[in-house]
Amino acid sequence: IYLTRRDFQKLRQVLEQVSSTATDIEDYRAEYHFLQFSLLEKYGKKDEWQKHLEQISEDFFRHQANIQLSDRLLNRAEFSDAFRILQEGRDYFLNAANWLEALRTDAQLAKYHRESGYPSRAEALYKTTFFQSDLHGFCLLSASLALDLGNLYYHLDQFGRSRHWYLKSRSFYRASGNQNGEQICDFNLGEIYKYSGDWLKAEQVFEAALERDRSASREESVGIDCYNIAHLAYLRDQREKSQLYCTQAVDSFIRCGKMSGIIDGLLFQFRICFKSLEQSDLDDFKTRYLDKCNQVQEGIFRLIQELHLLKPEQTGRRSREKRLLKTIAVIDSKRIQMELLIFCISQLNSEHLMEQLKREVESLHPTRRAYFFYEYYYLYFSHFLSPGPIEDENKSLFLEIYYFFLKNGRLLNRQIQELKKRFERENSIDALLEDAK
């Protein structure tokens with residue numbers, strides 16, 4: 001029950017009360033070793049969980065253990081081995097008419113499709129499995145599947161759908177009394193808050209999640225929490241804090257062996273410290289990690305590599321900027337594309353790239369204002385505002401941008417602060433002239 005609820009603290013407390021040599025668990029020894037394996041594997045204690053894995057004698061628990069291990073294979077991009085293990089487990093559970101475990105395996109197969117680059121297949125299988133789970137009354141599995149669908153839509157930049165499934169997942173977890181699940185949903189909703197422009201609420205969610213995961217010794221979750229705090233600090237232009245938490249994230253991912261997390265963290269460090277980035281850093285990453293990158297990660301690396309070679313004063317910049325846009329276009333995520341465009345613009349002050357960013361912002365949020373809208377105009381007022389008198393419409397828009405970032409805790413740059421002072425002086429003069437009249 002505790003394993004199903006993902007309540008590893010209580011699972012550990014129960015297992016500590018049971019001796020592996022006690023005669024009264026003889027008929028349940030395979031289950032005992034499976035539960036020990038599940039607990040130790042979650043905490044990344046490989047030497048210990050391998051011993052228990054070898055002692056799982058019954059096929060039912062052995063297939064469950066292998067399906068749990070498929071996560072590690074997916075993290076290492078060993079997709080063919082993961083698919084083989086999952087297909088074997090699915091066939092076994094279907095033949096045994098164990099519908100709960102069969103559906104759990106289908107959920108993991110959906111994750112396989114997602115991680116191997118087939119989101120439409122993942123979406124279809126997640127939804128089919130969710131409806132079957134709901135029909136059978138498997139409340140916790142339904143909650144987990146709704147959460148997975150929320151994650152899938154989030155990575156597809158479909159924030160409205162993502163929020164819908166996160167809320168649905170939270171309602172299932174709440175109905176089953178699973179507080180850990182509710183907290184995970186709240187954390188993921190924090191990501192939605194971040195891109196919808198409520199950074200203070202996102203910060204509260206991320207920091208609460210980090211405190212909770214550190215107290216529970218969840219190394220992979222700690223890495224994700226630190227990465228999210230680092231990213232939020234980066235958006236606020238708090239580079240030292242961003243670097244600190246990004247380093248902690250990479251360290252956590254190294255300890256738990258999550259290769260995709262290590263790569264994401266290192267690529268993000270390149271962006272944080274771009275001005276001091278050395279070619280040797282890029283060469284080392286290429287040698288050690290490039291063959292382990294997924295399509296998005298490889299695209300980000302290629303972009304950073306290309307941008308590192310492009311100097312602001314270099315001739316033929318327009319053709320090089322077009323190459324940057326082609327590299328960005330390969331990445332199958334509008335959210336990541338726009339983040340990288342913003343990154344390139346901040347390094348090059350390129351009007352050509354600004355035009356592309358404006359088109360992307362308008363296509364993503366045609367009727368409402370969210371983070372990327374404000375970021376575009378922050379860059380515009382910082383680097384591309386024409387000299388001379390400023391129209392009242394632009395003044396009004398500037399103040400909206402200014403107070404959006406001020407309330408969200410960004411360290412405002414010199415250009416923005418000076419423009420604000422200029423508007424205050426002009427308003428003061430206008431007021432004096434009006435009084436004189």
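Helix α20 covers residues 371-384 (helices, H or I of at least four residues, and strands, E of at least two, are DSSP runs numbered from the N terminus). At 1.5 Å a residue, its 14 residues should span 20 Å (the expected span is 1.5 Å times one less than the number of residues). The end C-alpha atoms are 19 Å apart, which agrees. The helix is mostly covered, with 13 of its 14 residues buried (under 20% relative accessible area; exposed is over 50%, partly exposed in between; 1.4 Å probe, protein chains only).

The model is predicted: local features need pLDDT of at least 70, side-chain atom pairs count only at pLDDT 80 or more, and totals for chains, interfaces and linings use all residues. Residues are numbered from 1 along each chain as its sequence is written, and side-chain values use heavy atoms, with hydrogens and water left out.

The protein holds 22 helices and 0 strands. Its C-alpha atoms fill a box of roughly 95 × 50 × 35 Å along the principal axes. Of its 437 residues, 50% are buried. The exposed surface is about 22200 Å² (Shrake-Rupley method, 1.4 Å probe; for residues, only the protein chains shown count as cover). Carbon and sulfur atoms supply 48% of this area. Contacts (heavy atoms within 4.5 Å) were also sorted by sequence distance. Among those between residues at least 6 apart, 57% join residues at least 24 apart.

The largest nonpolar core has 105 residues (buried Ala, Val, Leu, Ile, Met, Phe, Trp, Tyr and Cys joined through side-chain atoms within 4.5 Å). F285, L357, F381, I401 and F405 touch the most other members. Helix α20 gives the most to this core, with 11 residues. Leaving out residues up to four places away in sequence, I401 touches F373, Y374, Y377, Y378 and F381. Apart from this core lies another, of 17 residues, including F8, A30, F34 and F37.

Charged pairs were examined next. Side chains of opposite charge can pair when their charged atoms come close. The whole structure contains 29 salt bridges (a side-chain nitrogen of Lys or Arg within 4 Å of a carboxyl oxygen of Asp or Glu). One of them joins E41 and R72, at 2.6 Å from N to O. E41 lies in helix α2 (residues 29-42) and R72 in helix α4 (residues 59-75), so the pair ties together parts 31 residues apart in sequence. Both E41 and R72 are buried.

E220 pairs with K258, the closest N and O atoms being 3.4 Å apart. E220 sits in helix α12 (residues 219-235), K258 in the loop between α13 (239-256) and α14 (259-272); the pair therefore ties together parts 38 residues apart in sequence. E220 is partly exposed, at 33% relative accessible area. K258 is buried, at 13%.

In a further salt bridge, R323 meets E306, with 3.3 Å between the closest N and O atoms. R323 belongs to helix α17 (residues 317-329) and E306 to helix α16 (residues 295-309), so this pair ties together parts 17 residues apart in sequence. R323 is partly exposed, with a relative accessible area of 45%, whereas E306 counts as buried at 12%. Salt bridges that share partners also join D81, R84 and E88 into one network.

D213 is found in helix α11 (residues 199-215). Its relative accessible area is 6%, so D213 is buried. Leaving aside neighbours within four places in sequence, D213 is in contact with R218, S221, V222 and D225.
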